[in-house]
Amino acid sequence: MSLATIDTAFPRTSTVSPVSPVRRAVAPAAAAAPAPVDSAPRIRAVPEGTEARGFVLYVGIDEAKAAADGTDLGQLVEALKRLTAELSPSAETYAAVALAPAGAGGRDVDVVRLALQDPSAIAKHRQTVAVDEDEDRAASGVVVDISRKRLVLDNQTVALTYKEFELLQYLVLREGRTIERSELISSLWSDADEDEVPNERTIDVHVRRLRSKLARYEDIVRTVRGVGYRFDRHADVSIRYASAPSPDLF
């Protein structure tokens, strides 16, 4: 599905000299009728065989800026939805809030476009950050590459299963916080069938296998006795975040 841009045509203004009261105006029949000015927005670049079904408006503003303006994101969303309903009662609306890791930086609207998977923003981002995979590895230590879903130890990619990486990622994104086994089960197996949901003992098995693959760096995943597990970053651990937040943060 492609996106179309919206271009607003603004009416031109002209200056008219005042008519002298002594001279008569030109007869209406001789006066050229002014061309109508179309001030309605025009949609450009709609491919043949397609039709516009709506639009996306990206709004870049974080909670702190909204508070400084005397509002919040919820109020902005409701105001825009009300305005849409007033202008076009038949319109349907859907609002999604874009989340990003704290301190990710960048322009708010760019972060929003990336988080909500705007195709042009993603393409631009890939061009900007495209690097050779070998240059993206550390000569030694641990690289938890969330953007590419991989673990690199001492410049060697480690073969993790999908669930093993999900487990590591979940702990990494909550660095320094102890995660209970029950939280890991409810978060990482929320869509699983009832007979596929592990118990707490099975979680211990998953962690044990993950640690074995971390080899000499196994202590970055710590056991908090009687509670659960915690990720502790060491000086030899680096984390490469994705351009958009991990789905498990939504």
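How many bridges join strand β6 to strand β8, and in which direction do the two strands run? I shall begin with that pairing, after noting that what you see above is a predicted model. Two bridges join β6, residues 179-180, to β8, residues 228-231, and the strands run antiparallel. Within this pair, I179 stands opposite Y229 of β8.

Strand β8 also pairs with β7, which covers residues 221-224. Here there are four bridges, and the direction is again antiparallel. V224 of β7 stands opposite G228 in β8. These two strands form a hairpin with three residues between them, and in this hairpin G226 takes a positive phi near 80°.

Allow me to set these strands in the context of the whole chain. The chain has 250 residues, of which 23% count as buried. Its secondary structure consists of seven helices and nine strands. Among the contacts with a separation of 6 or more, 53% are accounted for by residues 24 or more positions apart. The chain exposes about 18000 Å², and carbon and sulfur atoms supply 52% of that area.

I turn next to a single residue, R181. R181 is found in helix α6, which comprises residues 181-188. Is R181 buried or exposed? Its relative accessibility is 15%, and because buried means under 20%, R181 counts as buried. Which residues does R181 touch, leaving aside those up to four places away in sequence? They are E200, I203, D204, V227, G228 and Y229. Two of these names have already appeared in this talk: G228 stands opposite V224, and Y229 stands opposite I179. E200, I203 and D204, which R181 also touches, bring us to helix α7, which spans residues 200-214.

My last topic is the packing of that helix. In general, two packed helices are described by the angle between their axes and the distance between the axes. The axes of α7 and of helix α5, residues 162-172, come within 10 Å and cross at roughly 90°. The two helices are therefore roughly perpendicular. On the α5 side, the contact is made by E164, L167 and L168. On the α7 side, the residues are H206, V207, R209, L210 and K213. By character, the residues of this contact divide into four nonpolar, one polar and three charged.

To close, I would ask you to keep two elements in view: strand β8, which pairs with β6 and with β7, and helix α7, which crosses α5 at roughly 90°.

Conventions
Residues numbered from 1 in each chain as written. Predicted model: local features only at pLDDT ≥ 70, side-chain atom pairs only at ≥ 80, totals over all residues. Heavy atoms only, no water. Buried < 20%, exposed > 50% of the residue type's maximum accessible area, 1.4 Å probe, protein only. Contact = heavy atoms within 4.5 Å. Areas by Shrake-Rupley, 256 points an atom, 1.4 Å probe, with all protein chains shown as cover. Pairing = 2+ DSSP bridges. Axes fitted to C-alpha atoms, helices over the stretch in contact; angles between N-to-C directions. Parallel < 35°, antiparallel > 145°, perpendicular 65-115°, else oblique. Nonpolar A, V, L, I, M, F, W, Y, C, P; charged D, E, K, R; others polar.
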